[in-house]
Amino acid sequence: MTLDVHTAAVQVRGLSRRYGTTRALDNVDLTVERGVTGLLGPNGAGKTTLLSILATVSEPDSGEVSVFGLDPHDKAERVAIRRRLGYLPQELGYHRHFTVAAFVEYVAILKEIVDRRQRAAEVARVLAATGLDRYARKRIRALSGGMRQRLGIAQALLGRPDLLILDEPTAGLDPEQRLRFRELVSSLPGDPVIMLSTHQADDIAAICPRVIVLLHGQVRFAGTPAELAGTATGHVWTADARDTSAHLSWRGGDNLWRHIGEQPSAGAQIVAPTVEDGYLLLSQRAGVR
Ligand SMILES: Nc1ncnc2c1ncn2[C@@H]1O[C@H](COP(=O)(O)OP(=O)(O)O)[C@@H](O)[C@H]1O
Ligand SMILES: [Mg+2]
């Protein structure tokens, strides 16, 4: 099969990856355009496996990947992809004795920013962008989880990458830090391709014009957040009493029971679905508990 490499920043066809008997990715096809794409799925869905393949850190068992028209399987093209890439792995192996600035500088050297002055300016830029400039001399082992997550984002921004892959960037951030992260992502210069994973639908609604839902290693939805919400139209309702036929029900702050299911009961009040409702309905239909 040949890929039409000029139409999209990232294209994936028939991608599969197993770990023993677990199908972490099962025949995944996807296309990613410029802008922010959110990869939404529960733990174990295959998000990290997919992102690590796109970041050229691991390889699939089968399938084709094209990043800016380059093939990560080819050694020279893989290097070319890495030069344009910023990656926040889910588990970044920090050198705990490093200071914040020393760690970012170390990554900048790995990223071939060889000119000293340019490197110092770039380190200062990413620390300021992530609000870490005040902590530049602090040791990593003394940072809180949220600050460490920001450090991971800072190093991913080095060199103004064309492709930014962020695996669970909002994990461990408090609400204010999540807002700052949203600001940061929406204000990055140069219109990079950004792929971020999350299991929180509100991150998607807030920052991702495109969303891909991954469940059990399969793509179950690709489109806009509004379209994802729209998939649950007519499937979300409120009532005074619990409806046991629903997939999910909970009592809201208004004391009404809110339901997500296939068939609203007679007399129920149909309500407009949210992005999370669309995601939960898809997950229920896919048998995710
Ligand atoms: N190194 C590994 N060895 C064995 N199983 C793995 C490994 N990495 C991931 N898996 C399994 O593959 C599936 C997908 O995992 P992962 O890609 O980490 O999903 P997610 O990031 O969405 O939580 C899970 O069932 C997970 O247990
Ligand atoms: Mg993961």
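In this predicted model, the magnesium ion (ligand 2) is coordinated by OG1 of T48 and OE1 of Q90, at 2.0 to 2.1 Å. These two residues link distant parts of the chain, being 42 residues apart: T48 belongs to helix α1 (residues 47-54), whereas Q90 sits in the loop between β5 (85-88) and α3 (100-110). T48 has a relative accessible area of 30% and Q90 one of 37%; both values lie between 20% and 50%, so each residue counts as partly exposed.

Helix α1, which carries T48, also lies across β1, β2 and β4, and runs at about 125 degrees to β1. Those strands make up an open sheet of three strands in the order β2-β1-β4, with antiparallel pairing. Its edge strands, β2 (22-32) and β4 (62-67), each pair on one side only, and the twist from one strand to the next averages 20 degrees. Within this sheet, R18 stands opposite R23 in β2.

A further strand, β3 (residues 35-40), has six of its six residues buried, so it is largely enclosed by the rest of the structure. Strand β3 runs parallel to β7 (residues 193-198) and likewise parallel to β8 (residues 210-215). In β7 the bridge partner of G38 is L196, while in β8 the bridge partner of L39 is I212.

The pairings for which bridges are counted are set out below.

| Strand pair | Sense | Bridges |
|---|---|---|
| β1 (residues 10-19) and β2 | antiparallel | seven bridges |
| β3 and β7 (residues 193-198) | parallel | six bridges |
| β3 and β8 (residues 210-215) | parallel | four bridges |

Technical notes
Residues are numbered from 1 along each chain as its sequence is written. Chains are lettered from A and ligands numbered from 1 in the order in which they are written. This is a predicted model: local features need pLDDT of at least 70, side-chain atom pairs count only at pLDDT 80 or more; totals for chains, interfaces and linings use all residues. Side-chain values use heavy atoms; hydrogens and water are left out. Buried means under 20% relative accessible area, exposed over 50%, partly exposed in between (1.4 Å probe, protein chains only). Two strands pair if DSSP finds at least two bridges between them. Donors are N, O and S atoms within 2.8 Å of the metal (3.2 Å for Na, K and Ca); water is not among the atoms, so sites may look incomplete. Axes are lines fitted to C-alpha atoms, for helices over the stretch in contact, and angles run from 0 to 180 degrees between N-to-C directions. Contact means heavy atoms within 4.5 Å.
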